[in-house]
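Let's take a walk through this protein together. Keep the sequence and the model side by side as you read.

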Amino acid sequence: MSKRIAFKVHGTVQGVGFRDFTQRCATSYKLLGWVRNTTCGRVEGEAQGDEETIQKFLTQISRGPRLAHVVKLEKREMEPTQNEDHFAVMRTMESMFKAED
């Protein structure tokens, strides 16, 4: 069964290849979705796949690439979507991620 999550990564995650790292991880796990930098200095995205694969992906991005320093990984579940066929790197934008209190 397909699951979709939104994620937001805090720490030293811009200027260290984090988006490309995330895309490579997602592609290797055959996940769908996207990743982008935010104007507030974080990285966010959405990933879709089965539960076990999503957990492996989250473990990888919680570590990040060699030069990154992840201090927090927020995530929340979403409804799966049917309109994607790959995992994309998107343009930098203002964050759309709303953390739950």
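The tour below goes from the whole chain to a pair of helices and then to single residues.

First, a word on the source: this is a predicted model, in which local features need pLDDT of at least 70 and side-chain atom pairs count only at pLDDT 80 or more, while totals for chains, interfaces and linings use all residues. Residues are numbered from 1 along each chain as its sequence is written, and side-chain values use heavy atoms, with hydrogens and water left out.

Let's begin with the overall layout. The protein chain has 2 helices and 5 strands, where helices (H or I, at least four residues) and strands (E, at least two) are DSSP runs numbered from the N terminus. Reading from the N terminus, you will meet them in the order β-α-β-β-α-β-β. Along the principal axes, the C-alpha atoms occupy a box of roughly 35 × 30 × 25 Å. The radius of gyration of the protein chain is 12 Å, which agrees with the value near 13 Å for a compact globule of 101 residues. That radius is taken over C-alpha atoms, and the globule rule is 2.2 Å times the number of residues to the power 0.38.

How much of the chain is buried? Of its 101 residues, 43% count as buried. Here buried means under 20% relative accessible area, exposed means over 50%, and partly exposed is in between (1.4 Å probe, protein chains only). The contacts, meaning heavy atoms within 4.5 Å, reach far along the sequence: among those between residues at least 6 apart, 80% join residues at least 24 apart.

Now turn to the helices. Two packed helices are described by the angle between their axes and the distance between the axes. The axes of helix 1 (residues 18–28) and helix 2 (residues 51–63) come within 10 Å and cross at roughly 160 degrees. That crossing makes helix 1 roughly antiparallel to helix 2. Axes here are lines fitted to C-alpha atoms, for helices over the stretch in contact, with angles running from 0 to 180 degrees between N-to-C directions. Angles under 35 degrees count as roughly parallel, over 145 as roughly antiparallel, 65 to 115 as roughly perpendicular and the rest as oblique.

The crossing of helix 1 and helix 2 is right-handed; that is, the near helix is turned clockwise from the far one by less than a right angle, with anticlockwise being left-handed. Which residues make the contact? Helix 1 brings F18, F21, T22, C25 and A26, and helix 2 brings F57, Q60 and I61. These contact residues of helix 1 with helix 2 divide into 6 nonpolar, 2 polar and no charged. In this count Ala, Val, Leu, Ile, Met, Phe, Trp, Tyr, Cys and Pro are nonpolar, Asp, Glu, Lys and Arg are charged, and the others, Gly among them, are polar.

While you are at the helices, have a look at Q55 in helix 2. Q55 is partly exposed, at 32% relative accessible area. From Q55 to V70 is 15 residues in sequence and 17 Å in space, C-alpha to C-alpha.

Just past helix 1, K30 sits in the loop that leads to strand 2. Phi of K30 is near 60 degrees, a positive value in a residue other than glycine. Is K30 buried or exposed? Its relative accessible area is 70%, so K30 is exposed.

Strand 2 (residues 32–37) holds R36, which is buried at 6% relative accessible area. Leaving aside residues up to four places away in sequence, R36 touches R19, R42, V43, E44, M90, R91, M93, E94 and M96. One of these partners, M93, lies in the segment after strand 5 (87–89). M93 is partly exposed, at 42% relative accessibility. With the same sequence neighbours left out, M93 touches R36, N37, T38 and T39.

In strand 5 itself you will find A88, buried at 15% relative accessible area. Beyond four places in sequence, A88 touches Q23, G33, W34 and V35.

Our last stop is H69 in strand 4 (residues 69–78). H69 is partly exposed, at 49% relative accessible area. Not counting residues up to four places away in sequence, H69 touches H10, G11 and T12.
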